[in-house]
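Here's a quick tour of a protein model, meant to be read with the structure open beside you. Take it one topic at a time and find each residue as you go.

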Amino acid sequence: MTERPVLVVGFVTPVLAALGETEPDGSVILLEEPDVIRKRSLHRRLAETALVRELIEWEYAALGAADTFYATHRDLNPVAVVPLIEYATPFAARLAERYGLPGASLGAAQILRDKALLRKVSAAAGVRNPESTAVSCAEDVLTFMRAHPGPVVLKPVNRQASVGTQIIHDPAEAGGAWASCAEQDEGIFVPDRPMELRMLVERYVSGPEYSVEMLVRGGRPLFVNVTGKQLYPGPRPVELAHVVPADIPDDLAGELGEQTRRVVEAVGFADGIVHCEWIVADGVPHLVECAGRIPGDGILEIIHRAYPMDLLRAYFTVMRGESPPEPPRRAARGAAVRFVPMEPGVIDAVLGVEQAREVEGVFLVDIQVGAGHRFTGLRSSWDRSGLVMATADSPTEALRRAEKAADLVRIEVRPDP
C-alpha cells in the first residue's frame, strides 16, 4: 500500500478504471458527496476495487468545505489532490493549497466555475467573447434580444454537461425557454440539495466548434490538443461527436492553442488540465467556456489512442509536482467518439451492437439504455444513450468508422403512453 495517497475528488468510472491499470493498489482515497454515494451505490461498487483505499463522504460543493476537510484530515498527507468532475474543482484547488500541493489555484478554479465571471476576466485579457449579460427572468432575456437582434444562447453560469442550455431564435420562445432551462436536474450525479440558479444570455455565435485540452504546469502549457466537434441538431447544444486531432490547418490549431494559453494566463491557472471550448466565426476563435478539469465525453480516451502518450498519467504526474516525459507535439493517428441518437419513447429493443463492434477500428461500443428505458428528448449530455469509439490512420477516417458503427446500432422505441 502506498504511504502517501492520491486524493481524488469525484467519481468517474472510466478514469478510475484507467488509473487501476497504472497506479498501485490502495493508492487512492476517493471523496464524493454523500447523496451521490447513496444514489450511485458507490460503497458496493468500490468494495472489490483494489485501487481505492478509502471512500470518504464529504459535501465538497459546500462553502468552506476544503478548509473544514483540511482541519479534520491534516494527517492524510496526500501526494496529490485531483478533481475529476466540474463541481469538485474549487474544493480540490483550495485543498491543494492547504496541503501545499500543485493545483489550479482557488482563484482560477472559482473563475472557471462561473461562466459570467470567466467572460469578464478573459475579455479583459483580450480574448474574444460574445456579448453577454446576467439575467434573472424571461423579460431580461427579451431585453437583451431587442438590443442584440438574432439568435441568443441562454445558459446557467455554474452547471455542466450543457444542462439548462438552449439556443433561442425567436423572442416568442423566451418564456418557454426560460421555464425549460430553469429545470436543471442532473439526477444521480449531483447532491439532492438545491443549487443556486444564475443564468446568462449571450449572442449566439455560428461556426465550427472545437475544444482545446491543455496540460499545464506552473502556468505553462506542456501539451496541447485540439478536438473537432459536431453537435446534435436542434436548440440544445449537446455534442454528437468528437474527433482527435481536429482536421484543421496548423495555423488555426496554433491560434486555438494560443488563445487557450491566454485564458490560462488571464485566470491564473497553475497546474492541471484545462478543457477550453471555442467557436470559430470568420476565422476568429470565440470563447464558449473553459473547465479546469479533465475532459469528459470520452475525449481523454481518444487522445490516449491518437497520441503516443498517456495524458491521464501525465496529469497525475503533474499534480504530484513531478515532470512528465516530454509530450508529443503531434498525434500519431486519428481517433473519434460518436454518440448514438435515439427517438423519444419507450425502448423495445437495442439491436446491432455486435455488428457495430465488428467495424474496423472500433474499440468500444457502450450503450447505456435497454428495454423499458423511457426517453423524453435530448436536454443535456446526460440524456445520450451511448457511444462508439474508433481509431484510424487519419481523423477523418476514424470519424467515418465511428459513424458507421453508430449507424448499425438500432434503438427501437414505441410511443410513451
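Before we look at a pocket lining, here's how its residues get sorted: Ala, Val, Leu, Ile, Met, Phe, Trp, Tyr, Cys and Pro count as nonpolar, Asp, Glu, Lys and Arg as charged, and the others, Gly among them, as polar. Keep in mind that this is a predicted model.

**The second largest pocket**

- The second largest pocket has a volume of about 900 Å³.
- Its lining is made up of 34 residues, and the ones closest to the centre are Ala61, Ala62, Leu63, Tyr87 and Arg113.
- Four helices each give two or more residues to that lining: H2 (34–39), H4 (65–72), H5 (89–99) and H6 (106–112).
- How do the lining residues of this pocket divide into nonpolar, polar and charged? There are 17 nonpolar, five polar and 12 charged ones.

**The cavity**

- Searching the whole structure for cavities of 30 Å³ or more turns up one.
- The largest cavity has a volume of about 100 Å³.
- Its lining has 18 residues, with Pro83, Ala104, Asp271, Gly292 and Met319 nearest the centre.
- Two strands, S4 (80–83) and S12 (272–281), give two or more residues to the lining of the largest cavity, and so do H5, H6 and helix H12 (311–319).
- Which element gives the most to this lining? That's H5, with four residues.
- Sorted by type, the lining of the largest cavity has 13 nonpolar residues, four polar and one charged.

**Helix H5 and what covers it**

- The buried residues in H5 include Thr89, Phe91, Ala92, Ala93, Leu95, Ala96 and Tyr99.
- Among the elements covering them are strand S1 (6–9), strand S2 (28–32), H4, S4 and H6.
- Right after H5 comes Gly100, which has a positive phi, near 70°.

**The nonpolar cores**

- The largest nonpolar core has 45 residues, and Leu30, Val82, Leu215, Leu311, Tyr315 and Phe316 touch the most other members.
- H12 supplies the largest share of this core, with seven residues.
- Another core lies apart from it, with 27 residues that include Val127, Val212, Leu256 and Phe269.
- Take Val82 as an example: setting aside neighbours within four places in sequence, Val82 is in contact with Val6, Leu7, Val8, Val9, Tyr315, Phe316 and Met319.

**Two buried residues with polar contacts**

- Look for His242 in strand S11 (residues 239–244).
- Is His242 buried or exposed? Buried means under 20% relative accessible area, and His242 has 1% relative accessibility, so it counts as buried.
- The His242 side chain makes a polar contact of 2.9 Å with the side chain of Asp297.
- Not counting residues up to four places away in sequence, His242 also touches others, including Thr227, Lys229, Ile299, Val337 and Phe339.
- Asp114 sits in the loop between H6 and helix H7 (115–124).
- With 13% relative accessibility, Asp114 counts as buried, because that value is under the 20% cut-off.
- The side chains of Asp114 and Arg198 are joined by a polar contact of 3.1 Å.
- A polar atom of the Asp114 side chain also lies 3.1 Å from the backbone nitrogen of Ala116.
- Leaving out residues up to four places away in sequence, Asp114 touches Val157 and Arg198.

**Unusual backbone spots**

- Most residues other than glycine have a negative phi, and most peptide bonds are trans, so exceptions deserve a look.
- Ser41 has a positive phi, near 50°, and isn't a glycine.
- You'll find Ser41 in the loop between H2 and helix H3 (42–46), and its relative accessible area of 30% makes it partly exposed.
- Asp282 isn't a glycine either, yet its phi is positive, about 55°.
- The home of Asp282 is the loop between S12 and strand S13 (284–291).
- Is Asp282 buried or exposed? Its relative accessibility is 81%, so Asp282 counts as exposed.
- Val244 and Pro245 are joined by a cis peptide bond, with omega about -10°.
- Pro245 lies in the loop between S11 and helix H10 (250–267).

Terms used
Residues numbered from 1 in each chain as written. Predicted model: local features only at pLDDT ≥ 70, side-chain atom pairs only at ≥ 80, totals over all residues. Heavy atoms only, no water. 1 Å grid on protein atoms, 1.4 Å probe; cavity = no way out; pocket = protein on both sides within 12 Å on 5 of 7 lines; lining within 4 Å. Points joined across faces, edges and corners; volume = space filled by probe spheres on them. Buried < 20%, exposed > 50% of the residue type's maximum accessible area, 1.4 Å probe, protein only. Polar contact = N/O pair within 3.5 Å; in protein donor to acceptor, adjacent residues only side chain to side chain. Contact = heavy atoms within 4.5 Å. Core = buried A, V, L, I, M, F, W, Y, C linked by side-chain atoms within 4.5 Å.
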